[in-house]
Amino acid sequence: MPRFSAKWIAVVVLIAVAGGVFFFCEYLIYFPTILKCAWPKINHVRGGEGIDGQPTGSALRAMVLSDTHLLGAVGGHWFDKLRREWQMERAFQTALWLLRPEIVFILGDIFDEGKWSSPKDWEDDVRRFNRMFRHSPDTELVVLVGNHDIGFHYEMDWFKLQRFEKVFNATSTRIVTKKGINFLLVNSVALHGDGCPICQSVEKELIKLSRDLNCSLQSIQPSSNVKDNCEGSQSYPPTPPIMLQHYPLYRVSDASCTGQDAAPPEERHLLFREKYDVLSKEASQRLLQWFKPRLILSGHTHSGCEVLHDNRYPEISVPSFNWRNRNNPSFILASFSTGSYALSKCFLPEESTVIAVYCSAGACLLFLFLAHCMWIKGLLQCFSLCLLGKHKSL
């Protein structure tokens, strides 16, 4: 049986420990973190049965995340790109495997440089996105457009918008219906109200969708004017929509936002700019009047917040899913029925925790290495003294 020297044993131990720490921090750490998350249960007293009589027990499981910001060819270091994309891929794939959502929404800013990327760079960004956010046929992935995907209002054009819509095989403003629940997807980048061609097109589509939804709601109410006013309208399940968009509705600041995913205290009182940080007051009021949503989900700010508009319409701002934007990314787990909903947040491993594990492991390995070296040095000294003593006795 071969005998290994203490030196080689120490090398093997060091490599095994380093490999184990790397495997834990880059792969295993997502499992215990996401295992803490669970689908929220709908309050049966609050929900009861939906408008169409569907029981709350058949709730739709939806996962909502935002602002993935895949780095492009221009900005960001190659290692930063590799690191962030690996983190998001592992987090997303682990969440899919453990939680099994039926539908996943990403609330815009999929890419960081879609607003100026060349056709070649765009194809590379899309290829990487499809690899990272791959999913089984049992899960539907729905993507919304953000300002980094097609540019801010002054940068967007038909080419960028149609390029985005072609990749994701859907128009940027539409209604997605699943299990009798209406999800209204809004291209909030085009809601400046200045009469630009894209803005006019999006507003025209929103007015049509508003009419269709209102007519569907009126169809279950006895009224002699319904047929006259709603002739030719498209039918949807008669339930108020869940509204999803990239920009939040108008609010002054994040001063009232709380929680571990809220903006840092020094940033919460900074005033938001209309049409840049949030939608304008006018656009926000139009959306609320047209659709009367039972819930609004938005992104863009990279921080979490809960707002109640007009003491009636709740809005949840979903934090960024990218560790480049925050130390503690998270996503929303939502259970929807036709009559109610329940939400919970699922926090991902903190970057600071991963760095602390690496630093602690590095310090321990360095200590063991130095201790091993001192032990070897001590043996050599003892051996030398023994040889020297024998030589003197001779």
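How many residues lie between β4 and β5 in their hairpin? I began my notebook with this, keeping in mind that I am looking at a predicted model. I found that β4 and β5 form a hairpin with two residues between them, and that Lys179, which sits in the turn, has a positive phi of about 55°.

**Entry 1: the turn residue.** I looked up Lys179 again and placed it in the loop between β4 and β5. I noted that its phi is positive although Lys179 is not a glycine. I then asked whether Lys179 is buried, exposed or partly exposed. Its relative accessibility is 36%, and because buried means under 20% and exposed over 50%, Lys179 counts as partly exposed. I also wrote down His302, another residue other than glycine with a positive phi, in this case near 70°; His302 is found in the loop between β7 and β8.

**Entry 2: the sheet around the hairpin.** Next I traced the strands and found an open sheet of six, in the order β4-β5-β6-β7-β9-β8, with mixed pairing. The edge strands are β4 and β8, the latter covering residues 305–309, and each of these two pairs on one side only. On average, neighbouring strands of this sheet are turned by 20° against each other, if direction is ignored. I looked more carefully at β4 and β5, where β5 covers residues 181–186, and found that the two strands run antiparallel and are joined by five bridges. I then noted that helix α10, made of residues 281–291, lies across β5, β6, β7, β8 and β9, and that it runs at about 150° to β6.

**Entry 3: Arg174.** What surrounds a charged residue in the edge strand β4? I chose Arg174, which is in β4, a strand that covers residues 174–178. Across the pairing, Arg174 stands opposite Leu185 in β5. Leaving aside residues up to four places away in sequence, I listed what Arg174 touches, and the list holds Val142, Val143, Phe183, Leu184, Leu185 and Leu209. Arg174 is buried, yet it has no salt bridge. I checked the nearest side chain of opposite charge, which is that of Glu140, and found it 6.5 Å away, whereas a salt bridge needs the charged atoms within 4 Å. I did find a polar atom of the Arg174 side chain 2.6 Å from the backbone oxygen of Thr171.

**Entry 4: the whole chain.** Finally I stepped back to the protein as a whole, and counted eleven helices and eleven strands in its secondary structure. Of its 394 residues, 51% are buried. Among the contacts with a separation of 6 or more, 73% join residues 24 or more positions apart. As one example of positions that are distant in sequence, I looked up Val11 and Phe369, which are 358 residues apart along the chain but 8.9 Å apart in space, C-alpha to C-alpha. Val11 is in helix α1, which covers residues 6–28, and with a relative accessible area of 32% Val11 is partly exposed.

Key:
Residues are numbered from 1 along each chain as its sequence is written. This is a predicted model: local features need pLDDT of at least 70, side-chain atom pairs count only at pLDDT 80 or more; totals for chains, interfaces and linings use all residues. Side-chain values use heavy atoms; hydrogens and water are left out. Helices (H or I, at least four residues) and strands (E, at least two) are DSSP runs, numbered from the N terminus. Buried means under 20% relative accessible area, exposed over 50%, partly exposed in between (1.4 Å probe, protein chains only). Lys and Arg count as positive and Asp and Glu as negative; His and the chain ends are not counted. A polar contact is a pair of N or O atoms within 3.5 Å; within protein, one must be able to donate a hydrogen and the other to accept it, and residues adjacent in sequence count only if both atoms are side-chain atoms. Contact means heavy atoms within 4.5 Å. Two strands pair if DSSP finds at least two bridges between them. Axes are lines fitted to C-alpha atoms, for helices over the stretch in contact, and angles run from 0 to 180 degrees between N-to-C directions.
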